[in-house]
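Visitor: Hi! Could you walk me through the empty spaces in this model?
Guide: Happy to. Here it is.

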Amino acid sequence: MSVADNEGADARALASRFKGLDTSRVEVDEEQEPASIAASSSEEATAFAAMEEMLAQQLSAEAISASNELKLMCLRGRKYDPVKGAKLVSELLALKADIELSRSDNHQLKEDICSHKFIATGGKDACGRGVLWMRFRFHDPTRSKPLDMARLITTVVLHALQDSDCQRNGFVIIQDMTGVRLKNIDPSAAKFVFSTVFPRLPVRIGRICLFNPPWLLGHFVLPIVMSLMTKKLRGRIAVLNGNKPEKLHAFVSPCALTEAHGGTMAFNEQAWCDTLVQTL
């Protein structure tokens with residue numbers, strides 16, 4: 001068997017490990033337009049009061065006593081639906097407890113942040129969605145397990161959600177696959193994040209751009225993984241073959257992209273990582 005045959009067999013074996021991927025509860029934007037309710041408006045206040053009533057009916061002391069900032073984040077993240085917002089408050093609190101987000105032993109979380117594999121750049125697309133930048137060529141599944149990835153994603157997303165525009169409009173994810181190898185991919189982490197983490201975060205996914213996927217992943221792994229996703233989520237995925245940053249510009253303006261993607265936005269990765277680590 002040739003080297004190419006061996007690599008193809010390895011890629012197919014990797015793809016088979018995605019069986020059971022569940023994206024049915026991931027919140028996906030149905031409309032490609034900004035939120036209709038303004039932050040700090042009377043309409044927002046009315047929706048918030050309605051959500052508070054829903055929380056009171058849950059009889060959950062932890063949810064009722066949650067900070068107004070967290071509650072508002074959840075309300076905005078579910079497009080001002082009081083019922084969904086109230087449910088999300090409890091789910092977010094449960095997520096943070098389940099993954100032990102506040103644990104004192106956070107060495108691996110700090111290492112994952114400093115790996116630069118998952119970053120919120122502060123850039124935004126035309127609809128006001130925040131840009132999340134993923135580079136799994138920096139991911140080592142032998143060191144960073146699914147629970148570690150859950151802590152990293154939750155930490156980065158909640159930090160990015162300090163921006164009210166991101167709360168109201170959601171995110172666009174740029175998965176830069178340049179240089180990603182089969183050894184960087186962990187199906188168990190992907191399944192855990194899509195089934196357990198993203199559904200319990202106050203986020204809506206407006207777009208996922210898979211930039212420059214390597215041939216093996218693009219031909220053997222991605223088609224199978226995407227076939228396991230919901231039709232709604234698949235409809236928000238753009239596969240951008242080749243190292244051509246201009247393809248990204250159809251989804252995110254160059255002024256909201258870093259130099260790595262042909263953009264003009266100034267962004268200091270190390271400073272961002274240092275700032276986030278200091279919040280832990």
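Visitor: Let's start with the second largest pocket: how much space lies in it?
Guide: About 230 Å³ of space lies in the second largest pocket. A pocket here is an open set of points on a 1 Å grid over the protein atoms alone, with protein on both sides within 12 Å along at least five of seven lines, and lining residues have an atom within 4 Å of a point. Grid points are joined across faces, edges and corners, and a volume is the space filled by probe spheres set on the points.

Visitor: And what kind of model is this?
Guide: A predicted model: local features need pLDDT of at least 70, side-chain atom pairs count only at pLDDT 80 or more, and totals for chains, interfaces and linings use all residues. Residues are numbered from 1 along each chain as its sequence is written, and side-chain values use heavy atoms, with hydrogens and water left out.

Visitor: Back to that pocket, then. Which residues lie nearest its centre?
Guide: Of the 14 residues lining the second largest pocket, E27, V28, E30, K84 and K232 lie nearest its centre. Its lining has nine charged residues, three polar and two nonpolar. Ala, Val, Leu, Ile, Met, Phe, Trp, Tyr, Cys and Pro count as nonpolar, Asp, Glu, Lys and Arg as charged, and the others, Gly among them, as polar.

Visitor: What about the largest pocket, how is its lining divided by class?
Guide: The lining of the largest pocket has eight nonpolar, seven polar and three charged residues. The space in this pocket is about 380 Å³. It is lined by 18 residues, and K96, L101, T155, L158 and T279 lie nearest its centre. At least two lining residues come from each of α4 (68-77), α5 (82-98) and α7. Helices (H or I, at least four residues) and strands (E, at least two) are DSSP runs, numbered from the N terminus.

Visitor: Now the closed spaces. How many cavities turn up?
Guide: Searching the whole structure gives two cavities of 30 Å³ or more. A cavity is a set of points where a 1.4 Å probe fits but cannot get out. The largest has a volume of about 540 Å³. It is lined by 26 residues, with F18, F136, Q175, A190 and F194 the closest to its centre.

Visitor: Which element gives the most to that lining?
Guide: That is α10, with five residues in the lining of the largest cavity. By class, this lining divides into 22 nonpolar residues, three polar and one charged.

Visitor: And the second largest cavity, what lines it?
Guide: Its lining is made of T121, V131, W133, I174, A256, L257, T258 and H261. Five of these are nonpolar, three are polar and none is charged. The volume is about 40 Å³.

Visitor: Changing topic: what is the strand order in the sheet?
Guide: It is an open sheet of five strands in the order β1-β2-β3-β4-β5, with mixed pairing. The edge strands, β1 (118-124) and β5 (237-240), each pair on one side only. Two strands pair if DSSP finds at least two bridges between them.

Visitor: In which sense do β2 and β3 pair?
Guide: Strand β2 (residues 130-134) and strand β3 (residues 171-176) pair in the parallel sense, over five bridges. G130 stands opposite F171 in β3.

Visitor: Last one: how many helices and strands are there in the chain?
Guide: The protein chain has 12 helices and five strands. Its C-alpha atoms fill a box of roughly 65 × 40 × 35 Å, taken along the principal axes.
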